[in-house]
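Grab a coffee and work through a few exercises on packing and charge pairs. Try each task on your own before you read its solution.

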Amino acid sequence: MPMTFRNEPFTSFAGETEQEAFRAALRQARAAFGATYAPVVGGERIETGRFAASVNPADRGQIVGQVHQADLALAERAIRTAAEAFGAWRDYSPAARARSLYKAAAILRRRKHEFSAWMVLEAGKTWAEADADTAEAIDFMEFYGREAERLAERQPLARIPGEDNELTYIPLGVGVVIPPWNFPLAILAGMTTAAIVCGNTVVVKPATPTQVVAARFCALLEEAGVPAGVVNYLPGPGSQIGDYLVDHPLTRFVSFTGSREVGLRINERAAVHRPGQKWIKRVVAEMGGKDAIVVDADSDLDAAAAAIAASAFGFAGQKCSACSRAIVLADVYEEVLGKVAAITAGLTLGDPADVHTDVGPVIDDKAFAKIAEYIEIGKGEGRLVAGGSAGDPRGFYLLPTIFADVGRDARLAREEIFGPVLAFLRASTFDEALDIANDTDYGLTGAVFSRSRARLEQAREQFHAGNLYLNRKCTGALVGVHPFGGFNLSGTDSKAGGRDYLLLFSQAKVVSERL
Ligand code: NAP
């Protein structure tokens, strides 16, 4: 039995030794720039000759890697291969499957800086953000391994005389795993290993901007001894091969994390019964957010301001949990705004490969254009207090941007921007602040700063968010500590990193024997 689960500690980059170790990892990754990666189906590397370049968002001239792209024929082959591999993998004991996750976690722990360095260069993460991403990936594997072992234990049932009853959890079948680019390792690793540790086999369609990190992780699983065909790496544009994978009659479930648009599309398509399909497909869809931090008049304003700035601008606001609305009681509104603006002015925007950088670029040209458009919209909807323009044109840089006096019905207050843009909204009462916070299609994270027990209790009851934080920032969920998932159009509230998660990839079978 493994030791009790503990979160992987984050690396401190304060000392020169650790800094040099990380710089060495960055140099090593750069030396491998331009390498080619290919789909891996049934353990076979398949070169298609149709390449997509993965670009460093900090310097659009740098090609991180060239990735062979799958087409529909290869998607078909990947699903069939996963279906064939299912027959053997489902018969491995849960303990054996868990061991492959512990082994993968151990390898990743040994190669932590290597993977984090690739995320700096392919996703534009700062050192600390990349390190946290790698730590979370390790956590997911350690946690889900233990969860699989827990679910394999005899499950409690009421006993009746003359019968022996047993409930066991068995796998579903072939899953399609579709992760986003913003946690290129942690979310990819969590979604993939949760599915396989339950005995399912998967086709992993990585997010296009971070398909190199995904290729490296799938190779790591192979190194950890996951049999060929259990995890099939299938890079290719979601718009071209996504529907095919989702629609396939052999697909038993889809595990998706990404935008609301794509998540709803997948949910709709998966609901259609296809010829030859023997089940109702399961869809786990974790989607966007419009997360708010509410600041009460009596709260610790310095702590609130620090939390708002960290939640809004960490990883350039590209977290589903990022704070994009600060809803502040009128009495302290200007003071909090001033404090957040001051912290923001002190943030260093730049190349995340530099240890001193606080905010890096956004992921790609499409994201850059979309966020820049929201900044222009914001200029008509609010008062520009910080940022509002682009940075170094070599990369996809946008200055951390704050708009004050945004109305609750403004687009800036309602739509997910997914970039470093923060809207300040004024509330005249605490009731109104909570009402504004809930007045969105989403319900992912949120936070409240207050010293009043009554108001904190009110927020616990009334703030409709899957992950609500009191007197702390709204980002940085830890596996096992803060099971993560949202309400409303934020998704299916799957609570990744929690005790309910593996049930989504399993089905319960009850056997009753008359004695
Ligand atoms: P996205 O554009 O929806 O892409 C997500 C994944 O879906 C990618 O792998 C993408 O592939 C794929 N895809 C695109 N079209 C598809 C289709 N028709 N069928 C099947 N798959 C398809 O989202 P993103 O830009 O990567 O991620 C940002 C979003 O994720 C934000 O909305 C954020 O809030 C959300 N997010 C949510 C959580 C959460 O836990 N709730 C966590 C992280 C991120 P391509 O890259 O090839 O297009």
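**Exercise 1: a pair at the border**

At 38% relative accessibility, Arg 411 counts as partly exposed. Keep in mind that the model is a predicted one.

Task: find the salt-bridge partner of Arg 411 and decide whether that partner is buried, partly exposed or exposed.

Solution. Step one, the partner: Arg 411 pairs with Glu 415, and their closest N and O atoms are 2.9 Å apart. Step two, the cut-offs: buried means under 20% relative accessible area and exposed means over 50%. Step three, the verdict: Glu 415 has 25% relative accessibility, so it counts as partly exposed.

**Exercise 2: a pair within one helix**

Task: work out how Glu 142 and Arg 146 are placed along helix α5, then say which network of salt bridges they belong to.

Solution. Start with the contact: Glu 142 and Arg 146 form a salt bridge, with 2.8 Å between the closest N and O atoms. Next, the spacing: the two sit four residues apart in helix α5, so about one helical turn separates them. Now check burial. Glu 142 comes out at 12% relative accessibility, which makes it buried, and Arg 146 is buried too, with a relative accessible area of 16%. Finally, zoom out: Glu 8, Arg 109 and Lys 112 join Glu 142 and Arg 146 in a network of salt bridges.

**Exercise 3: a pair across the chain**

Task: locate both ends of the salt bridge between Arg 274 and Asp 247.

Solution. First, the distance: the closest N and O atoms of Arg 274 and Asp 247 are 3.2 Å apart. Then the addresses: Arg 274 lies in the loop between α9 (260-270) and β11 (282-286), while Asp 247 belongs to helix α8 (residues 238-247). The two are 27 residues apart, so this pair links distant parts of the chain. Last, Asp 247 has 13% relative accessibility and counts as buried. For the full tally, the model has 40 salt bridges.

**Exercise 4: the nonpolar cores**

Task: which residues touch the most other members of the largest nonpolar core, and which helix gives the largest share of this core?

Solution. Begin with the hubs: among the 70 residues of the largest core, Tyr 144, Phe 217, Val 231 and Leu 502 touch the most other members. The largest share of this core, ten residues, comes from helix α5 (residues 127-151). Now follow one hub: leaving out residues up to four places away in sequence, Leu 502 touches Tyr 144, Glu 147, Ala 148, Leu 151, Ala 194, Val 197 and Cys 198. Finish with the other core, which lies apart and has 66 residues, including Cys 323, Ile 375, Ala 433 and Ile 436.

Definitions and conventions: Residues numbered from 1 in each chain as written. Predicted model: local features only at pLDDT ≥ 70, side-chain atom pairs only at ≥ 80, totals over all residues. Heavy atoms only, no water. Core = buried A, V, L, I, M, F, W, Y, C linked by side-chain atoms within 4.5 Å. Buried < 20%, exposed > 50% of the residue type's maximum accessible area, 1.4 Å probe, protein only. Contact = heavy atoms within 4.5 Å. Salt bridge = Lys/Arg side-chain N within 4 Å of Asp/Glu carboxyl O.
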